[in-house]
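Got the viewer open? Here's a short walk through two spots, with something to select at each stop.

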Amino acid sequence: MIKTLILFLSLFSATFCWAQTKTETDLYVAGYRNEDFNTAYLQFIKKNNDSLYFFSNDESRYNAMSLHSFEKDTLDLKIKSIATDSKIALYYTSDEYKQDYHYFKVENAEFTIDQVREIKGKRYTTELDKVSMIPNRDLKIQREIYFLDSSNVEITHTYTLNNTILFTEKEIKNIAFQLLDNKVFFSFYDGELNLNNRWYQLTNLQKDKFSFVHYAETKKIVDVYTLNSSKNPEINTSNFKMCWDNRPKEYYNFDPDISYTHGNNALLKRLIKDAPTTKGNGFITIHFAINCEGKVGRFGLEQMDTKYQSASYDPKLIKHLIQGISKITEWNLPEKIQTDTHRFLMFKITNGKITEVWP
Amino acid sequence: MALKKFFLYNILIFIGFCHSSYSQELNPFENLSKEERIKLADKYHDLSQTVYQTSQMHRIYKDSALLVVPDHVEYMQRASYSYKKAGEHIKAMEMLNKAVAIDTANGSTAALEYKAWSMLYYYRDYESTIKDVDKVIEISKIPYNGCHGESCLLLKAQAYYQLSEYKKAIETFDYLFTLLKEQGVNPKDDFLANFYLARSYFKLNDLDKSLFYLQEQLSMPYSVKAELNFYAGQIYILKNDTEKAKQHFLKAKELYLQNDKMNEPYIERFDEIFMNDINLEISKL
């Protein structure tokens, strides 16, 4: 009996001591800030028990805070934190300021820099539901990343409908790597790497494919890229890049709305010139982004019949419309606009011909 | 026999368990009272209003509200706005049609009124606009009913105008004016109705009547002057009065630059004019 008691006490003491000395350090990567805008944010958090240590790509710049909510700190900011095993959300509010940051526990996938070097000089392709948060239902969108060298990539988006390539967009970006706790993160950026960029975690790397994990609109997104044996075919390639990595503003968030300078009648006349015909009646909605410089890209498509159900029209007509829209520069953008904008054009099909465009 | 009973009981327990799990999946808020559900749905709805309308977060909150009160017509209709404004029309119309079906089955026309308005301006589906307006009036028995801030008859008349059925458009405007007079409202105060009435007469080549309504509106304090001058100028061209046409086009240009023109958020109005249209007319003089 005494022996049992001693054994029990010893076990209890050992467990207690282990619990007291154990420190849990977890690495979290910023998914985004402003959850409804999915704004890119380049930061990491290390969580050590109830403390958070913040650092960006420059590990020397540390900040720390306790994982508690504060009614008001010295800057009159109210801070609320919500931490689960997989996510930490921080909400900062004051009378004039509201900002939320969302960090996600990194995936348990370890690599060495030597392994990562294998992708240099190769092209990889993935398929996306939509790009730059521009709505899309019907287009097949492929993104190709060509790792030119250790500091540059060429990114190509190809828009296809029923195996017909409609349009291709290309951009060159800088690339940054970060190795943390043997986990590898990539960022693709223009100019200088800064807090408004996004980390993509490498979670799988094989001879012919790799995967990136990133986060958007509350969700974890896994993009699986497969090795291209040759360059994807291109059609009417345009150089286009978004100014920001976040949800573009809607066209009606401006006064007046961002629209074609010369009105819908002039737009219709321009876009139906030499337009192929199709079959039936219904609607075609072409979505796109107008970047802060007034250039058009990042397409999406929704085809509907007159009952507002999914439909299908001749890809030649869709191609004609997308290529026509891509050339438009006459948008009534506000003089000092700094944001990208989501705009869509809806076309009415009557007996196979385009008869109206709006909104 | 005992073995049979044992199997039978087990099967019944299994079915009961599955049914219970399925029911929970169908409605996770079943345990809440009606008042509690409404309160919770209101909370989700309020939260949706704090985030960007076309964002995923907004939609999650809206869906949550509808999960709590699945047949709430107003929340269903308002949930469709996020999709409609983003141009995701299949989903928008799916939600709106459901809201209309529930609402009209209860003898209410609020959702249908909104649909009639959307059909005209967002979908340019003129036949549906006319059909929906007629149904609104049939159910509500109020001929001067409003459809999302505009007179339903104004929508119907514009739909006829867009279908090139100008006589029917004029008849509808005349009927609207009769109703307005009965309500003690001066028909001249309805700029849009008078403007499209003038445009309908123009399309029927009745230039004098068209000019009459345009000039009448030019004398009104709150009308939109650039469009009125522009279309008056076009009539004077057809009447071979180049001088008066020029005056109107130049006035249209001046007012356009002062932003005294049609300027509707979300959509472009029918026959709204742009600087190129004015310059083209001036260049032809």
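Start with helix α12(B), where 10 of the 14 residues are buried, so the helix is largely enclosed by the rest of the structure. Keep in mind that you're looking at a predicted model.

To pull it up, select residues 225-238 of chain B. Try a distance between the end C-alpha atoms: they are 20 Å apart, which agrees with the 20 Å that 14 residues should span at 1.5 Å a residue.

Now colour the buried residues of α12(B): they run Ala226(B), Glu227(B), Leu228(B), Asn229(B), Phe230(B), Tyr231(B), Ala232(B), Gly233(B), Gln234(B) and Ile235(B). What do the buried residues of α12(B) pack against? Show α10 (191-203), α11 (207-218), α13 (242-257) and α14 (275-284), since these chain B helices are the packing partners.

Before you leave, click on Asn240(B), which follows α12(B) and has a positive phi, near 60 degrees.

Next, hop over to chain A and select β5(A), residues 78-83, along with β6(A), residues 87-93. The two strands pair antiparallel over six bridges, and they make a hairpin with three residues between them. For a bridge to zoom in on, pick Lys78(A), whose partner in β6(A) is Thr93(A).

Stay on Thr93(A) and add β7(A), residues 98-105. Which residue of β7(A) does Thr93(A) stand opposite? That's Lys98(A). Here β6(A) and β7(A) run antiparallel, joined by seven bridges, and form a hairpin with four residues between them.

Notes:
Residues numbered from 1 in each chain as written. Chains lettered and ligands numbered in written order. Predicted model: local features only at pLDDT ≥ 70, side-chain atom pairs only at ≥ 80, totals over all residues. Expected span 1.5 Å × (residues − 1). Buried ≥ 20, exposed ≤ 12 C-beta atoms within 10 Å, placed from the backbone. Contact = placed C-beta atoms within 7 Å. Pairing = 2+ DSSP bridges.
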